[in-house]
Amino acid sequence: MHTHYQIWGEEFIDAAALEQMQNASDLPISIQGALMPDAHVGYGLPIGGVLATEASKIIPYAVGVDIACRVKLSVFPISAHELEKHKKHFIKLLENNTHFGIGGKSREKIDSSLFNRKIWSEIPILKKMQSRAMDQLGTSGSGNHFVEFGIVKFKESLHEDIDINKNYLGLLSHSGSRGLGANIANHYSKIAMQESNLPKNLRHLAWLDINTEIGQEYWLAMNLAGDYASENHREIHDKMIRDINSNPILQVENHHNFAWKEELEDGEKVMVHRKGATPAGKGVLGFIPGTMSDPGYLVRGLGNKASINSAAHGAGRVLSRRKAKSSLDKKDWYKRLKDEGVHLLSAGLDEAPMAYKNIDKVMNAQKDLVEIVARFDPKIVKMADGNERPED
């Protein structure tokens with residue numbers, strides 16, 4: 001136990017991330033914190049950091065730049081054998097229905113009704129971003145974002161249509177709020193830093209008060225970015241559902257890089273920031289992805305109060321992007337993909353599985369946070385081209 005916060009998987013976490021978490025926990029507005037086993041260095045709050053602050057205080061950089069980045073899983077009543085049998089068809093589905101890259105735009109929209117809301121014209125930064133956000137609806141950007149087909153194997157049946165003895169076709173996506181979220185984050189973070197009295201090395205932990213006009217603006221804009229990120233995934237999955245011509249028997253979606261109004265165990269009202277951490281309240285379903293060649297897991301939260309009802313959001317980086325590009329060998333990367341039967345359509349070396357922690361060690365370190373419901377093994381993976389600047 002550390003002052004103000006508890007750590008899961010400390011042996012996997014570098015000293016700089018621990019220092020960042022300690023700095024965040026020492027803020028005068030901090031109430032409780034937790035650090036997940038996939039944690040690594042970020043801006044302000046580390047990735048994998050969870051921070052409960054006073055109920056009216058919100059830290060834009062403890063939410064993150066890619067506001068409401070999330071994962072979504074759709075499981076189809078189709079045998080996983082179809083993936084290999086009709087591989088070219090599923091590759092074509094990914095190529096036709098996904099769009100990657102910083103300037104990526106989608107060619108068609110199934111539903112753009114989100115843009116009918118008045119809030120787009122009521123807050124200047126949203127008005128400025130509306131057209132670009134519309135263009136990017138249904139896209140995935142760059143960095144660690146992906147859309148992939150894989151095999152889903154359940155450990156338990158969630159309802160009568162799920163047979164634990166079968167392997168199902170699964171579609172998994174990971175991306176966030178694109179340029180909209182990034183511009184909201186940068187705009188309000190700058191304001192928070194200008195109004196802050198924090199020392200220079202802690203400036204990314206500057207906060208806003210949601211009872212002020214500017215704080216309320218950020219709160220509303222953040223929540224809109226959350227809805228937008230969800231619509232991004234819905235667009236991608238709905239297009240796939242249409243072209244696969246099969247309705248999913250299960251869809252699960254959860255986000256990280258967000259702030260929630262919640263209560264601690266003693267009833268104290270707080271603002272919970274989860275920067276790269278999965279909500280894991282008791283009974284809540286979520287998904288924790290591994291890497292392009294390692295499994296991800298559908299999980300059920302155990303409602304651990306010490307973690308502020310949170311869990312890891314992935315494997316977590318063990319090599320920085322620069323280090324991965326300079327030290328990893330493409331031959332080793334391709335061999336790993338071949339050995340695991342993964343067909344990669346596009347990605348950069350900095351997203352190679354070796355750049356990440358071992359997902360099963362991460363899962364073992366948080367057995368008191370979540371229980372595994374199903375396993376997803378990626379088989380056809382698409383990410384942004386390796387030359388793209390990362391947006392994760």
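Rings of Phe, Tyr and Trp, the last represented by its six-membered ring, are taken to pair if their centres lie within 6.5 Å. In this predicted model, Phe 115, Trp 120 and Tyr 228 form one aromatic cluster, and a search of the whole structure finds nine aromatic pairs. One of the pairs is that of Phe 90 and Phe 149, which is edge-to-face, with 5.1 Å from centre to centre and 70° between the planes. Phe 90 belongs to helix H4 (residues 87-97) and Phe 149 to strand S6 (residues 146-154), so that the pair ties together parts that are 59 residues apart in sequence. Phe 90 and Phe 149 are both buried.

Aromatic rings are also found beneath the charged ends of arginine side chains, as in the case of Trp 260, over whose ring the charged end of Arg 274 sits, 4.8 Å from the ring centre. Arg 317, in turn, lies over the face of Tyr 356, at 5.0 Å from the centre of that ring.

With regard to helix packing, helix H6 (residues 124-136) and helix H8 (residues 213-244) pack at an angle of about 5°, their axes being 12 Å apart; the two helices are therefore roughly parallel to each other. On the side of H6 the contact is made by Pro 124, Leu 126, Ala 133 and Gln 136, and on the side of H8 by Glu 217, Ala 221, Leu 224, Tyr 228 and Asn 232. Classified by residue type, this contact comprises six nonpolar, two polar and one charged residues. Tyr 228, which takes part in the contact from H8, is also a member of the aromatic cluster with Phe 115 and Trp 120.

Methods
Residues are numbered from 1 along each chain as its sequence is written. This is a predicted model: local features need pLDDT of at least 70, side-chain atom pairs count only at pLDDT 80 or more; totals for chains, interfaces and linings use all residues. Side-chain values use heavy atoms; hydrogens and water are left out. Rings of Phe, Tyr and Trp (its six-membered ring) pair if their centres lie within 6.5 Å; planes under 30 degrees apart count as stacked, over 60 as edge-to-face and the rest as tilted. Helices (H or I, at least four residues) and strands (E, at least two) are DSSP runs, numbered from the N terminus. Buried means under 20% relative accessible area, exposed over 50%, partly exposed in between (1.4 Å probe, protein chains only). A charge sits over a ring if NZ of Lys or CZ of Arg is within 6 Å of the ring centre and within 35 degrees of the ring normal. Axes are lines fitted to C-alpha atoms, for helices over the stretch in contact, and angles run from 0 to 180 degrees between N-to-C directions. Angles under 35 degrees count as roughly parallel, over 145 as roughly antiparallel, 65 to 115 as roughly perpendicular and the rest as oblique. Contact means heavy atoms within 4.5 Å. Ala, Val, Leu, Ile, Met, Phe, Trp, Tyr, Cys and Pro count as nonpolar, Asp, Glu, Lys and Arg as charged, and the others, Gly among them, as polar.
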